[in-house]
Amino acid sequence: MTATGCVTVHGELAVVPAATEAEAALALKEFTAAYNAADKAYDPALAAPRVTGALGSVNQAGLKSRSVNYPDGNPRHTPLELTDPRFTITKKAGWPRYFVADVDSNRDRDGGRQDNRWVIVFLRNGPDQLWRAAYLTILAPAQIPALRTGQDGFATPVPVDSATLAHRPRALSDAYASYLQTGSPRTFKDGPHTSGWRASRAEESRRPGRSKQYLDEPATRGDFAPLAFPTEDGGALVFFTVRNFERETAAKGVPIKIAPDVRALLSGRVKSSLTKERVSSQAVIVPPAKDGGEADAKGGGKVDVLARLTGLTSAKGA
């Protein structure tokens with residue numbers, strides 16, 4: 001068969017839903033099964049096919065660390081249960097494709113102050129690949145924004161360079177890394193994951209006999225790229241990643257304490273310094289540009305960091 005113009009192969013050129021709801025439910029089920037098998041055995045290989053990106057980095061390093069400290073597996077394993085799934089499935093042309101699952105877990109207490117839900121972003125880069133969980137954030141039900149879908153029930157993803165938002169999703173990783181280092185740009189609202197985190201770092205860096213230095217780098221390539229979902233108010237729920245480095249240096253004669261989870265990932269010998277690398281994923285709300293564009297003096301247009309998931313991925317002594 002011959003044709004002129006665009007030819008669609010595996011849906012690369014057609015605007016199609018990333019998955020059916022049944023396929024999304026199956027991806028969630030298979031992720032949960034892999035998560036439980038890996039957590040029970042403390043074997044990262046059992047979860048590796050079902051995680052990627054920021055969540056994959058944290059999950060795999062955590063399992064590796066615990067496998068060293070608990071070679072016989074997890075003595076306190078309790079199977080994870082994810083119920084009451086609410087899927088927001090995007091429709092777009094080309095790859096990657098993705099959807100978000102908002103689910104209840106058995107790790108909280110429903111109906112009270114400790115009530116929360118897991119928000120998991122699933123990603124797939126081609127028709128022959130498995131669905132993998134790339135981002136995970138845990139939020140109180142009231143924190144989860146209403147996501148906008150069309151009459152067909154699917155969401156149109158927000159472009160990472162969208163001019164309809166007060167801040168481009170593509171720029172958030174760079175802006176957050178810079179803010180953590182210098183306090184600028186003033187893209188983000190004050191809170192525990194912004195001004196509060198900077199304050200706690202400043203306090204840690206002044207402890208007698210030892211010093212701490214911090215370096216933050218954006219992570220935007222491949223499965224670490226930002227993903228944005230439209231909210232009902234014209235803004236976006238955006239997930240993005242940064243890498244955090246913490247270097248602790250001790251004065252002569254002052255020992256550096258090394259926790260078991262750090263020692264399990266340690267390379268080199270700790271003589272006077274210890275450098276830890278972490279991967280941090282953020283879930284944020286970016287307001288629409290009409291609400292102020294660039295942040296004004298009253299905070300209009302600023303990004304609200306709802307939550308972050310940070311995990312140690314490596315450590316090096318010197």
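**Note on the pockets, strand pairing and local geometry**

1. The second largest pocket is lined by 20 residues, and those lying nearest its centre are Val160, Thr220, Ala225, Pro226 and Leu227. Its volume comes to about 310 Å³, and by class its lining divides into 13 nonpolar, three polar and four charged residues. As with everything that follows, these values refer to a predicted model, and they should be read in that light.

2. The largest pocket encloses about 460 Å³ of space. Its lining is made up of 24 residues, with Tyr35, Val58, Asn59, Gly62 and Arg66 lying nearest the centre. The elements that give two or more residues to this lining are the helices α1 (21–41) and α3 (53–69) together with the strands β6 (132–139) and β12 (304–317). Of these, α3 provides the largest share, namely nine residues. In terms of residue class, the lining of the largest pocket holds 15 nonpolar, five polar and four charged residues.

3. Open pockets aside, what enclosed space does the structure hold? There is one cavity of 30 Å³ or more, and the space in this largest cavity is about 30 Å³. The residues that line the largest cavity are Tyr135, Leu136, Thr137, Phe239, Ser281, Gln282, Ala283, Arg308 and Leu309, and the elements that give two or more residues to that lining are β6, β11 and β12. By class, the lining of the largest cavity has five nonpolar, three polar and one charged residues. Strands β6 and β12 thus recur here, since each gives two or more residues to the lining of the largest cavity and each also gives two or more to the lining of the largest pocket.

4. Strand β12 deserves a point of its own, as its pairing with two other strands is described by the model. With β11 (residues 273–286), β12 pairs in the antiparallel sense over 12 bridges, and within this pairing Arg278 stands opposite Leu312 of β12. With β10 (residues 266–267), by contrast, β12 runs parallel, and two bridges join these strands; the bridge partner of Leu266 in β12 is Ala315.

5. A search of the whole structure finds 14 aromatic pairs. One of them joins Tyr35 and Trp118, whose ring centres are 6.3 Å apart and whose planes meet at 75°, so the pair is edge-to-face. Because Tyr35 lies in helix α1 and Trp118 in strand β5 (residues 117–124), this pair ties together parts that are 83 residues apart in sequence. Tyr35 has already appeared in this note, being among the residues that lie nearest the centre of the largest pocket.

6. Asp233 is found in the loop between β8 (227–230) and β9 (236–250), and its side chain has two partners that can be checked in the model. What does the side chain of Asp233 reach at 2.9 Å? The atom in question is the backbone nitrogen of Gly235, while a polar contact at 2.6 Å links the side chain of Asp233 with the side chain of Thr231. Leaving aside neighbours within four places in sequence, Asp233 is in contact with Pro288 and Lys290. As a separate reference for scale, Asp233 and Asn69 are 164 residues apart in sequence and 47 Å apart in space, C-alpha to C-alpha.

7. The remaining point concerns backbone geometry, for which a general expectation is useful: most residues other than glycine have a negative phi, and most peptide bonds are trans. The peptide bond from Trp95 to Pro96 is cis, with omega near 0°, and Pro96 is located in the loop between β3 (91–92) and β4 (97–105). Ser184 and Pro185 are likewise joined by a cis peptide bond, here with omega of about 5°, and Pro185 lies in the loop between α4 (172–182) and α5 (195–204). Finally, Tyr42, although it is not a glycine, has a positive phi of about 50°; Tyr42 is found in the loop between α1 and α2 (44–47).

Methods: Residues numbered from 1 in each chain as written. Predicted model: local features only at pLDDT ≥ 70, side-chain atom pairs only at ≥ 80, totals over all residues. Heavy atoms only, no water. Helix = DSSP H or I, 4+ residues; strand = E, 2+ residues; numbered from the N terminus. Contact = heavy atoms within 4.5 Å. Polar contact = N/O pair within 3.5 Å; in protein donor to acceptor, adjacent residues only side chain to side chain. 1 Å grid on protein atoms, 1.4 Å probe; cavity = no way out; pocket = protein on both sides within 12 Å on 5 of 7 lines; lining within 4 Å. Points joined across faces, edges and corners; volume = space filled by probe spheres on them. Nonpolar A, V, L, I, M, F, W, Y, C, P; charged D, E, K, R; others polar. Pairing = 2+ DSSP bridges. Phe/Tyr/Trp six-rings, centres within 6.5 Å; stacked < 30°, edge-to-face > 60°.
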